[in-house]
Amino acid sequence: MTFEWREVEEASFAVIGDPVSHSLSPAMHNAAFAHLSLPYRYVAIHVSPGEVCDALDRLTHLGYRGVNVTVPHKEEALGWVDHLDPFARRVGAVNTIRMADRAAANTDTPGFLDTLDELGLKPGRPAVVLGAGGSARGVCVALAEAGFDLRIWNRTRARAEHLIERLVVPATVMETPDLAEAGLIVNTTSAALKGGALELDWSGVPGDAVAYDLMYGEPTPFLEGARASGLKTVDGAALLVAQGARSLEYWLDVDAPRHVMREAIA
Ligand code: NDP
């Protein structure tokens, strides 16, 4: 069930977004609360652009303890918070807010690093990032922190150039998405959301490369293409769990039950 923010019921935690009804975060967090015997409820709340600060005021008034922020509000929410953790400051976006002290974190970036660790992925061959939108920023900071040789391709080239300048990450902007030599290819585009497919040539990609799509749910054309070429593939469910676990730990100072959260969205 998804609420409109003006009509929302009392609960303890929420994800706000537009759209948000598809979010698996309520199932994942409610499973974690049940496992930890915590008396909290986590709900999904629809908030339109331009209304994020008013919605966060209302949720605070209703006694909410913490909020996750998803597309497209991760920057607008910066206007409500007083304190940022280092990743939020660096990336310029927040996905986790603690209402009591108006503090916010970006758990997408360290969560992405967690998933690279889980996959045993280390710098060596280049990492290719497809896309230069909001989520690409966190991914690029994570890959740069981990020491990857970073190559970025975006449909709108100027946006990729701006991303590198703004984040001050060492990276090359590619004219076309050249995957040859890549050890890791991360699709951060939303092309598949609108039924689009990227034109990619998988033929020169080393056989042990990993194709990682931030989207989860139905396999995207990107992952299908990688799979058809025999590559190892990872979808965004791994990141969803990793960032959600870190949000829970930020709010409650507990060890998040990652296995329970993973099962809840499987
Ligand atoms: P943005 O809207 O900020 O960026 C979208 C990007 O996709 C841009 O680079 C855009 O290029 C590109 N794009 C869109 N359509 C096409 C197309 N047809 N062909 C080529 N490129 C295209 O979105 P986000 O970065 O916030 O999110 C991207 C995806 O990542 C979403 O699907 C989201 O659900 C997913 N995501 C998953 C998370 C998880 O926890 N698993 C966390 C965060 C995001 P251009 O600049 O040219 O418009």
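Here is a quick tour of one sheet and some helices in this predicted model.

## The sheet

Let's start with the strands. An open sheet is built from 6 strands, and following the order across gives β10-β9-β8-β11-β12-β13. The pairing is parallel. At the edges you'll find β10 (171–173) and β13 (232–234). Each of these has a single partner strand, so one side of each is left without a neighbour in the sheet. On average, neighbouring strands are turned by 20° against each other, direction ignored.

For a closer look, try β8 (residues 127–130) and β11 (residues 184–187): these two run parallel and are joined by 4 bridges. One pair to pick out is V129 and its bridge partner in β11, V186.

## Helices on the sheet

Next come two helices that lie across strands. Helix α4 (residues 108–119) lies across β11, β12 (210–213) and β13, and runs at about 150° to β12. Helix α5 (residues 134–145) lies across β8, β9 (150–153) and β11, running at about 170° to β8.

## Two helices together

Now for a helix pair. Helix α1 (residues 25–35) packs with helix α8 (residues 237–252) at an angle of about 50°, and their axes are 11 Å apart. The two are therefore oblique to each other, and their crossing is right-handed.

Which residues meet here? From α1 come S25, M28, H29, A32 and F33, while α8 brings L240, V241, Q243, G244, L248, W251 and L252. Sorted by class, this contact has 8 nonpolar and 4 polar residues, with no charged ones.

Notes. Residues numbered from 1 in each chain as written. Predicted model: local features only at pLDDT ≥ 70, side-chain atom pairs only at ≥ 80, totals over all residues. Heavy atoms only, no water. Pairing = 2+ DSSP bridges. Axes fitted to C-alpha atoms, helices over the stretch in contact; angles between N-to-C directions. Contact = heavy atoms within 4.5 Å. Parallel < 35°, antiparallel > 145°, perpendicular 65-115°, else oblique. Left-handed = near helix turned anticlockwise from the far one by under 90°. Nonpolar A, V, L, I, M, F, W, Y, C, P; charged D, E, K, R; others polar.
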